[in-house]
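Open your viewer, switch to a cartoon representation, and keep the selection tool handy. We will move from one stop to the next, selecting a few elements each time.

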Amino acid sequence: MFAAVYLPNFALQAALRHEPELWTRSVALVDPARATPVVCDMTGAARACGVMEGQTPTQALARCRDLTVRHRSPEREAAATDALLQCAFGFSPYVEATAPGLCTLDLRGLAVLSGATGAQRLAWAERWRAALAACGLRGQVGLAVTPNLAGHAARWSEGVTLIEDGRAFLATLPIAALQPSTDVATIFDKWGLRTVGELLALGQQAVVERLGLEALALFAAASATSMRPLRLARPVEEFKEAFEFEQPVETVEPLLFILRRFVDQLCPRLELLNLAAAALQLRLRLESGQRLEWALRVPQPTAQADVLFRMLHTHLETVRTSAPITAVALEASPGPRQSRQLGLFEAVLRDPPRFRETLARLAALLGADRVGTPVFEDSHRPDAFRLVPPDFENAPEVSPSALGGPPAAWPVRRLRPAVSAAVEVEAGDSCGRPMAIHCSIARGKLRVALGPWRASGQWWDAGAWQREEWDVETVDGHVLRLNRSPEGWSVEAIVD
């Protein structure tokens, strides 16, 4: 058993994948690659208004004032082909890219169709059509015992068609389905042949004697029993979508509108191959010719459209461009779905993507250098640390010895920021020993002053620092840690 899916008006479908609302309007597709751009396809509404293939855009607009013109795009057709093959590969491992907008599947070995009835095969084909619709494609599916019959059923029937009697189907099939050359089609028209059944009734030998080898190929295409090997193809693991705006956009709303359709079409393609998006590459082309690109890492690979769209929305809230946007492209880097066996007492984030989204929003409000996990720097400067994005997957393990035992130093309560203080020093003392203090925490003479402990570093760059620490006790019993720097005295901590 074989199955074929056909995308009618393939070039037009590829052009309107991200604008499905245009299918109900008058739209003409123009091929700009020709020397004289002419209409190559159109919607039903445009055809009803008198628009035809071969007309120039001006002639088409004269027939239909409300006509919308779209240009044929090889990039969009390539993306539609990738989506078609990826969708087909999710239903069978044997896929042939038969023609643009047409692919054939060998259904051998599929457990889901083993011993299936005709109704069950039709239900399976309907699920395939639904998967194509989720990718923005309108397909017709044919099921038959040979690849050619399945292809004919997909091309010349609507919806889903199961061919059980191949000869009866071919008897009523238009002879144009065999795609004869122009000269041979003219001869068939003069002979009065309209269907494949009428051609078969003439006999293969008689027709070949009169028309030559082309007639032999036509009879092979019209056979209800002949088999041919499929030229198997493997879909590329590239998940890209692109769109060019008819008019440059200056606000984020039209951009988000298109990006939402991108993720809604990319996620079903990933799910069919049991993949997830591990990263997103967002590209913008500006009217000035400048190209902007960002790589967004997905915290946990996912194929949920809402999660990916929130990431893009959060990022674009902080983006400012120097010129209007003319084109946008989005690529999802695939990765396997993550499954992890947790320990008995191990806890994880309930929603890692939402946590990352919250961090991104905080970073946009406060600055990227003020959000994250503090990590000590390789320096003797007190409170020398930096903030790095949290990595829960590679968090260091805490050894049991680090959980107990006596503290290595006196417990202190650090003051952030440090409290400035006025300090009197002993006259004639070379070290400048403090004798009294006046600040918002303590006032009066000092009973004990231990120090100084001096430190400095980074004298070789602009971040040079030096400090002098003292541990002092006031007559009232307050134990403080003082710091003297070029900026003056301050209380850095209260010693318990």
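How are H12 and H13 oriented to each other? Select helix H12 (residues 252-272) and helix H13 (residues 305-316): their axes are 9 Å apart and make an angle of about 155°. H12 and H13 are therefore roughly antiparallel to each other. Here axes are lines fitted to C-alpha atoms, for helices over the stretch in contact, and angles run from 0 to 180 degrees between N-to-C directions. Angles under 35 degrees count as roughly parallel, over 145 as roughly antiparallel, 65 to 115 as roughly perpendicular and the rest as oblique.

Some ground rules before going on. The model is predicted: local features need pLDDT of at least 70 and side-chain atom pairs count only at pLDDT 80 or more, while totals for chains, interfaces and linings use all residues. Residues are numbered from 1 along each chain as its sequence is written, and side-chain values use heavy atoms, leaving out hydrogens and water. Helices (H or I, at least four residues) and strands (E, at least two) are DSSP runs, numbered from the N terminus.

**Stop 1: between the two helices**

Show side chains on both helices. On the H12 side, the residues that meet H13 include Leu-255, Leu-259 and Val-263; on the H13 side, those meeting H12 include Leu-308, Phe-309 and Leu-312. Contact means heavy atoms within 4.5 Å. By class, this contact of H12 with H13 has 11 nonpolar, 1 polar and 3 charged residues (nonpolar: Ala, Val, Leu, Ile, Met, Phe, Trp, Tyr, Cys and Pro; charged: Asp, Glu, Lys and Arg; polar: the others, Gly among them).

**Stop 2: the sheet under the helices**

Now add the open, antiparallel sheet of 4 strands, ordered S9-S12-S10-S11. Its edge strands are S9 (239-249) and S11 (291-302), each pairing on one side only. Two strands pair if DSSP finds at least two bridges between them. On average, neighbouring strands here are turned by 15° against each other, direction ignored. H12 packs on this sheet, touching S9, S10 and S12, and its direction makes about 165° with that of S9. H13 lies across S10, S11 and S12, at about 140° to S11. Next, pick S10 (residues 275-286) and S12 (residues 325-336), which pair in the antiparallel sense over 11 bridges. Leu-275 stands opposite Pro-336 in S12.

**Stop 3: the sheet of 7 strands**

Move on to the open sheet ordered S15-S21-S20-S19-S18-S17-S16, again with antiparallel pairing. S15 (412-420) and S16 (422-425) are its edge strands. The twist averages 35° from one strand to the next. Within this sheet, 6 bridges join S19 (residues 465-474) to S20 (residues 479-485); look for Glu-468, whose bridge partner in S20 is Arg-484.

**Stop 4: backbone details**

Most residues other than glycine have a negative phi, and most peptide bonds are trans. Select Arg-416 and Pro-417: the peptide bond between them is cis, with omega near 0°, and Pro-417 is found in S15. A cis peptide bond also joins Gly-451 and Pro-452, with Pro-452 lying in S18 (residues 443-457). Then jump to Asn-9, where phi is near 50°, in the loop between S1 (2-6) and H1 (10-15).

**Last stop: zoom out**

The protein chain has 14 helices and 21 strands. Along the principal axes, its C-alpha atoms fill a box of roughly 125 × 55 × 35 Å.
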